[in-house]
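Please examine the sequence and the structure shown here before reading on. The paragraphs below are written to be followed alongside them.

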Amino acid sequence: MDAGRNHDLESLRKQITALGPWFHNLEIRGIQTAPDHFLGDYPRFKWEGFRHIIPEDLEGRSVLDVGCNAGFYSLEMKRRNAGRVVGIDADPHYLKQARFAAAESGLDVEFRQMSVYDVGKLNEKFDLVIFMGVLYHLRHPLLALDLLYEHVVKDQMLFQCLQRGDERIPDLQENYDFSEWAIFDRPDYPKLFFVEERYASDPTNWFIPNKPAMEAMLRSSGFTIEANPEREVYLCRRGERHYAVEPPPHL
């Protein structure tokens, strides 16, 4: 019996290795997919800091995981009794990992190869949309937020984005005269840092906001920030769009 179990685990280990490299460190039947991750036990250690803001029992609610990678959050939502769970990612490599992890875990999650810019094609709104660690990889970050608001967020969005720069939230006026220059020199003014080449050796790190900019972008796109349980992580609710924002086109 032990020999057969050991053989099965060795076979599983080989399959996990063949599907590598993994960015999500998942535990599949006791075997970690990325035990040497440079961030540690990622994203589990991150999840432990804000898991309390998501109900333990999602009561059959629908969930969309945008940029799902190997499916860590999709699987966690299914474990919390979510009903329909859909994970999308533009990278077929990650989707192979996600489908494998779901099958080995016995969890019914649907995974599709799809860009965030294509979410309108889902023709469905979800009770909870997860949008973690994606925005700074996008050439068109505000468009992505507008499309999520328009097409798929029915109620709440769990959001995270890499941030750099000043974290103080400034007290700003609604309007400034054209002659005003000094406000833009303030470290706490909302800023998006543009990365022309690479940051952290990744050529897809395009825009990195400071905290004031990230919160302003969420509000401008129509999201009300309900909780900021830890750095960079927000639980948002669908609210009202900024009066100057036009609905995005159907892409």
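What follows is a guided explanation of helices, side-chain contacts, salt bridges and empty spaces.

The structure is a predicted model. A convenient place to begin is asparagine 210, which sits in the loop between β9 (207-209) and α6 (211-220). Is this residue buried or exposed? Asparagine 210 has a relative accessible area of 0% and is therefore buried, the limit for that class being under 20%. Its side chain takes part in polar contacts on two sides. A polar atom of that side chain lies 2.9 Å from the backbone oxygen of tyrosine 189. A side-chain oxygen of asparagine 210 also lies 2.9 Å from the backbone nitrogen of alanine 213, and in this way asparagine 210 caps the N-terminal end of α6. Leaving aside residues up to four places away in sequence, asparagine 210 touches Arg164, Gly165, Asp166, Pro187, Tyr189, Pro190, Lys191 and Phe193.

From the cap, the reader may proceed along the helix. Seven of the 10 residues of α6 are buried, so the helix is largely enclosed by the rest of the structure. The buried residues are Lys211, Pro212, Ala213, Met214, Glu215, Met217 and Leu218. They pack against α5, β7 (153-160), β8 (192-194), β9, β10 (223-230) and β11 (233-238). Just after α6, glycine 222 adopts a positive phi of about 105°.

Helix α5 (residues 141-151), one of the elements against which the buried residues of α6 pack, is itself mostly covered, with eight of its 11 residues buried. In α5 the buried positions are Pro141, Ala144, Leu145, Asp146, Leu147, Leu148, Tyr149 and His151.

Salt bridges are the next topic. How many does a search of the whole structure find? The search returns 21 salt bridges. One of them joins glutamate 56 to arginine 80, with the closest N and O atoms 3.5 Å apart. Glutamate 56 belongs to the loop between α2 (44-47) and β3 (63-66), and arginine 80 to the loop between α3 (72-79) and β4 (85-89), so this pair ties together parts that are 24 residues apart in sequence. Glutamate 56 is exposed, at a relative accessible area of 58%, whereas arginine 80 counts as buried, at 3% relative accessibility.

A salt bridge also connects the side chains of arginine 112 and glutamate 110, at 2.6 Å from N to O. Arginine 112 is partly exposed at 28% relative accessibility, and glutamate 110 is partly exposed with a relative accessible area of 28%. Another salt bridge links aspartate 166 and arginine 168, at 2.7 Å from N to O. Aspartate 166 counts as buried, at 16% relative accessibility, and is among the residues touched by asparagine 210. In addition, Lys46, Glu167, Glu230, Arg231 and Glu232 are linked in a network of salt bridges.

The remaining topic is the space that the atoms leave empty. Rolling a probe the size of a water molecule over the atoms shows where such space is left. The largest pocket has a volume of about 1200 Å³. It is lined by 41 residues, of which Phe23, Gly133, Val134, Tyr136 and His137 are the closest to its centre. The elements that contribute two or more residues to this lining are α2, β3, β4 and β6 (126-132). By class, the lining of the largest pocket comprises 24 nonpolar, 10 polar and seven charged residues.

The second largest pocket holds about 490 Å³ of space. Which residues lie nearest its centre? Among the 20 residues that line the second largest pocket, these are Leu172, Gln173, Glu174, Tyr189 and Pro190. Tyr189 and Pro190 lead back to the starting point, as both are touched by asparagine 210. The lining of the second largest pocket divides into 12 nonpolar, four polar and four charged residues.

Finally, the count of cavities of 30 Å³ or more comes to one. The largest cavity has a volume of about 50 Å³. Its lining consists of Ile54, Pro55, Leu58, Arg61, Asp127, Leu128 and Gln156. Four of these lining residues are nonpolar, one is polar and two are charged.

Methods:
Residues numbered from 1 in each chain as written. Predicted model: local features only at pLDDT ≥ 70, side-chain atom pairs only at ≥ 80, totals over all residues. Heavy atoms only, no water. Salt bridge = Lys/Arg side-chain N within 4 Å of Asp/Glu carboxyl O. Helix = DSSP H or I, 4+ residues; strand = E, 2+ residues; numbered from the N terminus. Buried < 20%, exposed > 50% of the residue type's maximum accessible area, 1.4 Å probe, protein only. 1 Å grid on protein atoms, 1.4 Å probe; cavity = no way out; pocket = protein on both sides within 12 Å on 5 of 7 lines; lining within 4 Å. Points joined across faces, edges and corners; volume = space filled by probe spheres on them. Nonpolar A, V, L, I, M, F, W, Y, C, P; charged D, E, K, R; others polar. Polar contact = N/O pair within 3.5 Å; in protein donor to acceptor, adjacent residues only side chain to side chain. Contact = heavy atoms within 4.5 Å.
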